Amino acid sequence: MLAMNYRGPRRVRIDHKPYPEIKHPEDAIVRVTRSCICGSDLHLYNGNVPDTRVGMTFGHEFIGVVEVIGSEVEKVKVGDNVLVPFNVACGKCVFCQQGLFGNCHESNTQASAVGGIFGYSHTAGGYDGGQAEYVRVPYANVGPTVIPEGMDPDDAVLLTDVVPTGYQAAEMGGIQPGDTVVVFGAGPVGIMAARCAWLFGAGRVIVLDEVEYRLEFARNYAPCEAYNFKEMDDPVVFIKKITDWMGADVCIDAVGAEASGSALQTITGRKLLLQAGSATALHWAINSVKKGGIVSVVGVYGPTDNLVPIGNVVNKGITIRANQTSVKRLLPRLIEHVQNGVLNPKALITHRVPLEDIADAYYMFSNKLDNCIKTVLIPPSAKG
Amino acid sequence: MENNDYSHIPGWGIDADPKNDPTYPYRHRIERATKAPEPSDSNWERPTQQPVDIEVLKSIERPTVSAVFGTSAPPTGLSGQIRRFAFKSSESEYGHWLPLLLADRVNMVEGILDDLKHGHIPNIFAEKGLKAAWKYNRKGLLQSILIGVLVTSAAVALLSSKKSESDT
């Protein structure tokens, strides 16, 4: 089968790899019909996540058709069209039982801090991902969810990560009616977080980024105020100024380790890897939020340390809330929102690329070329 | 067995407020052992264990291999040796993460050697997506090439001048 093959920082190709096999009685094999490149895949692509091994296949956002099931699989059957949450979750451990499906304790041997994630390095369990024709899906009784009749596959594939992550970013913000919410980052998750902030009753939603076409997209899609931080002397002062010098009630970091905007953070975090990525967005979020406010973090960082103003967290009495998204917990509500037309995820998709052109797709997405917001990969076996 | 009887502590739990939970609503608390004895935090009915038929490096912060695990790329070669060394330290130590980053870079070279061993010359330009660069970012690509040529030329010139100095 064809599958993406990681060869080193900023080097990927398509290769023939063996078909995945059932390794566990709760496994399923899914034939992929759509997968995406996520902003967090760029941390792997750039070589910033430790234990990203050559030969691995990335891809944690995918949908497909169940082709084979293990002996203990009961919740899905061969032929089902399923969307697969990016978390590998057992449903039995104490964390899954609390709804923390992103923190499963039975899906990652290599690290205790994070649960298993498809196609996301051995630090997240060493699972091959969905940027391929076929993929092994463990715990098929828990994660895979049958796509409702009539749902557009482009909507379905974005329900595996982008929509729930944007939604959880807003949810973790504890937004109260009338709150001012600032979202750092106008990538797909940031745009979705801005859109979802309204669902929780935000009174004002502001997005900051440096890429003009993405800001324009956010303005129209969310809809919200959107500003280019490259045109500001200091984004924190800007936020203070436009919030009566109080700061925002809620700040959301939807950027993570690839943030621009601070030379010190960029050099130490992205170029020299002296910290676990550039924490510029988180730094700004902490300093832009109101005293007693909430900072919600869905941007992905590496497992080591970052330079953030923790003293200001204490002095301002800020609550920081963060997690890998618990996709399964949120799916029922979000499927409703998509079916009722409250959310329109597929509008984020700007590029549909054959899986065979994956190297070009990564280059284009990582360099934000051709007004790219979200790229969907179509495997050859799904084109018919 | 955990002791769940706090009757000897005056005032135990009198101000407990289940609604005062900053993790609401993204974490549903489960009833603690004071009301329901099972499951406790570290004692759940484990899923069937996936057979451990490949080498799986295990974090020393957990007692067992997880019930399922990925089989993407077991450790091999020099990078594998470095990874095995890294897994002697906890996730809290730089001694864990820095060797893993080093192993990743060594693994990249191993990947090229492995390609050559199998008679495959890697097409680095295609793997870097330079077709897209040529189509959408020609100026940036040419700029990068120019900078690369200038830096390489400067390095070669510097090394040659040092060599000729040492020869005289």
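A salt bridge is a side-chain nitrogen of Lys or Arg within 4 Å of a carboxyl oxygen of Asp or Glu. The exercises below apply this rule and others to a predicted model.

**Exercise 1. Determine how many salt bridges join chain A and chain B, and examine the part played by Glu127(B).**

Solution.
Step 1. Over all chains, the rule gives 26 salt bridges. Between chain A and chain B the count is seven.
Step 2. Arg11(A) forms a salt bridge with Glu127(B), and their closest N and O atoms are 2.7 Å apart. Because the cut-off is 4 Å, this pair qualifies at 2.7 Å.
Step 3. Glu127(B) also forms a salt bridge with Arg13(A), where the closest N and O atoms are again 2.7 Å apart. This second pair runs from strand β2 of chain A to helix α3 (residues 124-127) of chain B.

**Exercise 2. Describe the contact between chain A and chain B by its residues, its area and the elements that supply it.**

Solution.
Step 1. Chain A brings 68 residues to the contact and chain B brings 64 residues.
Step 2. The size of an interface is often given as the accessible area lost when the parts come together. Here the buried area is about 5600 Å², and carbon and sulfur atoms give 53% of that area.
Step 3. Between the two chains, 42 residue pairs are in polar contact, with both residues at pLDDT 80 or more.
Step 4. On the side of chain A that touches chain B, the elements that each supply at least two residues are β1 (2-8), β2 (11-16), α2 (94-97), α4 (162-172), β15 (319-322) and α12 (358-366). Helix α12(A) gives the most, with four residues.
Step 5. Sorted by class, this side of chain A has 26 nonpolar, 22 polar and 20 charged residues.

**Exercise 3. Classify the aromatic pair of Phe58(A) and Tyr362(A), and locate both residues.**

Solution.
Step 1. A pair of aromatic rings is described by the distance of the centres and the angle of the planes. Over all chains there are 12 aromatic pairs.
Step 2. The ring centres of Phe58(A) and Tyr362(A) are 6.4 Å apart and the planes stand at 70°, so the pair is edge-to-face.
Step 3. Phe58(A) belongs to the loop between α1 (41-45) and β4 (62-69) of chain A, while Tyr362(A) belongs to helix α12. The two residues are 304 residues apart, and the pair thus links distant parts of the chain.

**Exercise 4. Compare the UniProt annotations with the secondary structure of the spans they cover.**

Solution.
Step 1. From an unreviewed entry, UniProt lists "domain: Alcohol dehydrogenase-like N-terminal" for residues 25-144 of chain A. This span is 8% helix and 25% strand, with its end C-alpha atoms 15 Å apart.
Step 2. The UniProt annotation "domain: Alcohol dehydrogenase-like C-terminal", also from an unreviewed entry, covers residues 188-267 of chain A. That span is 42% helix and 20% strand, and 25 Å separates its end C-alpha atoms.
Step 3. For chain B, UniProt lists a "transmembrane region" at residues 140-159, in an unreviewed entry. Residues 140-159 of chain B are 100% helix and 0% strand, with end C-alpha atoms 28 Å apart.

**Exercise 5. Identify backbone features at Pro223(A), Pro25(B) and Tyr139(A).**

Solution.
Step 1. Most residues other than glycine have a negative phi, and most peptide bonds are trans.
Step 2. Ala222(A) and Pro223(A) are joined by a cis peptide bond, with omega about -20°. Pro223(A) is in the loop between α6 (212-221) and β12 (225-228) of chain A.
Step 3. The bond from Tyr24(B) to Pro25(B) is also cis, with omega near 5°. Pro25(B) lies in the segment before α1 (77-86) of chain B.
Step 4. Tyr139(A), although not a glycine, has a positive phi of about 50°. Its place is the loop between β8 (134-137) and β9 (145-146) of chain A.

Note on methods. Residues numbered from 1 in each chain as written. Chains lettered and ligands numbered in written order. Heavy atoms only, no water. UniProt positions renumbered as here; feature names shortened; annotations may be inferred. Contact = heavy atoms within 4.5 Å. Buried area = accessible area lost by both parts, 1.4 Å probe. Polar contact = N/O pair within 3.5 Å; in protein donor to acceptor, adjacent residues only side chain to side chain. Nonpolar A, V, L, I, M, F, W, Y, C, P; charged D, E, K, R; others polar. Phe/Tyr/Trp six-rings, centres within 6.5 Å; stacked < 30°, edge-to-face > 60°.
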